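Dear colleague,

I am passing on the structure below, together with some notes on what was found in it. Please read the notes with the coordinates open beside you.

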Amino acid sequence: MMADDGENGAISEAEAALYDRQIRLWGLDAQRRLNAYQNWKNPEVSPNCPNCGALETTRHYLYHCPRYEKERQHMLLEAENLYETYNIAEECRDTDIVTLAGMREDLPETINKQMYLALSRLRASSVLIAGLKGLGAEVAKNIVLSGVKAVTLLDHQQVTEEDFSSQFLVSRADLGRNRAEASLDRTQNLNPNVKVTADTEDVKDKPDEFFTKFSVVCLTCCSQQTLRRVGHVCHDNGVKFYAGNVHGYCGYMFADLGEHDYVEEKPKIIKTDKQKEEGTEDGPAAKKAKVDTTETVMVKKTVSYCPWEESQAVDWTSDSSSKALKKTPQMYFVMKDSSSKALKKTPQMYFVMKDSSSKALKKTPQMYFVMKDSSSKALKKTPQMYFIMKVLLRFREDHDRDPAVSSREEDKVALLRLRDDVLTEMKLKTDLVGDEFASHCFAALSPVCAVVGGVLAQEIVKAVSGKDAPLNNFFFFNGIDDSGMVDCIRSS
């Protein structure tokens, strides 16, 4: 669509083809950029619609301008045919006409269908994000940019000086305002196509029915009791549940997707002639199967998750758990010493993911991260963050807050005492977690929030779209040595 329908020779056919490709890449904002560029090249060409005078954008073309009613009806008819062909649910149809414009006709039908279904599920999803400190802000930003249907920001507390170190959705002028309300405008501006609302009530005062309205519930800065209650409500009602927090240099996330189905794109396996004759890939002949890197197939898989409470009820004195303890991330237990220089370092990280199978899901861990300048010995260290997480949750339960910089010395003493209490209750040695952790779990550091928030948001997108293998069930990150690990921890 051109602002002047090609009159006055404003752009050539080659430029028009290029713009058509850019429209697919840019999305709904592309036509505004195209019209602005046309107007810059030829001032006689107006960036406004010649029919009604409104700014001529892709959204204007798709939904509003009467000039394009015939084209719009044609696209709607195509959409209905696609809905019927692929059995798209009613709740997934409200914005999918935009998806149609970006469909790739050169892809195989099965992959094209799965892409469409994934986008449909994503754009029909509503997400609750409770707790708008540094981690919550990162998750909110990433989820809104992904293009879900709606996001609710829930936080009953006020903006503090500490928030300015990592909460980029608020400004200095918002000091003392409710966090959710202060974060609303900047979050909404990230993507006008997502409905963003603010809720100023306390998450622990919300009834169980409140959480069942969402596709995904993500809790940060919550107590053990709240995590347990909301986790059970979500697990019992088929709502995807996530939890996480950042304390100084360490952070974690937890996922409970119940019985989760997803599809994964795999290289196509080409059978040998002998395999085709035998009708099987078992035995020695299977070793001769070739992998075609130019073709892929979509493989459907299912993975089971445990509720939050079950992940906290592990008997670490049993034989199986004592062995698992040697493999369990140390970040589950401990946070190492930090320095002022480390604050300036941004984690340089990439993921190395092992292939997920029914057996691999039971192994600890399923995924590890290889950091720059890391050694093989560092990768073999056992993160202790799981147990530190339990200590910090106990601290929040006792004090109704996280360790604060303003009461640093008093909180350090309390953390060490709680460390001894928690590990003793679990029948573990108290020296499993060193004293140094208590010095460096204060405030939410921006780089750590960025890493954990990025992983958490990525997992939410994968979960609601049903595409690609999700993590099961903990992710731990240590900002001191820029290392992270995924571990499946459950009582059964």
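A residue is called buried here if its relative accessible area is under 20%. Please keep in mind throughout that this is a predicted model.

By that cut-off cysteine 221, with a relative accessible area of 16%, is buried, because 16% is under 20%. This cysteine sits in the loop that lies between strand S4 (216–220) and helix H10 (224–236), and its phi is near 60°, a positive value in a residue other than glycine. Alanine 443 can be read in a similar way: its phi is positive, about 70°, although the residue is not a glycine, and its place is in the loop between helix H16 (408–425) and H17. Alanine 443 is likewise buried, because its relative accessible area of 16% is under the 20% cut-off.

Towards the end of the numbering, there is a hairpin to look at. Strand S12 (residues 474–478) and S13 run antiparallel and are joined by five bridges, one pairing being that of phenylalanine 477 with glycine 484 in S13. Four residues lie between the two strands of this hairpin, and in the turn aspartate 482 has a positive phi of about 55°. Strand S13 (residues 483–487) is mostly covered, since four of its five residues are buried. In the loop between helix H17 (446–465) and S12 you will find asparagine 473, which is joined to asparagine 472 by a cis peptide bond with an omega of about 0°.

Which residues touch the most other members of the largest nonpolar core? In this core of 47 residues they are Val217, Leu219, Phe241, Trp308, Tyr386 and Leu415, while the element that gives the most to the core is helix H15 (residues 385–399), with nine residues. Tryptophan 308 is worth displaying with its surroundings: leaving aside residues up to four places away in sequence, this tryptophan touches Gln224, Leu227, Arg228, Phe241, Tyr252, Phe254, Met389, Leu393 and Phe474. Apart from the largest core lies another, of 45 residues, which includes Ile129, Val144, Leu153 and Ala444.

With best regards

Definitions and conventions
Residues are numbered from 1 along each chain as its sequence is written. This is a predicted model: local features need pLDDT of at least 70, side-chain atom pairs count only at pLDDT 80 or more; totals for chains, interfaces and linings use all residues. Side-chain values use heavy atoms; hydrogens and water are left out. Buried means under 20% relative accessible area, exposed over 50%, partly exposed in between (1.4 Å probe, protein chains only). Two strands pair if DSSP finds at least two bridges between them. A nonpolar core is a set of buried Ala, Val, Leu, Ile, Met, Phe, Trp, Tyr and Cys residues joined through side-chain atoms within 4.5 Å. Contact means heavy atoms within 4.5 Å.
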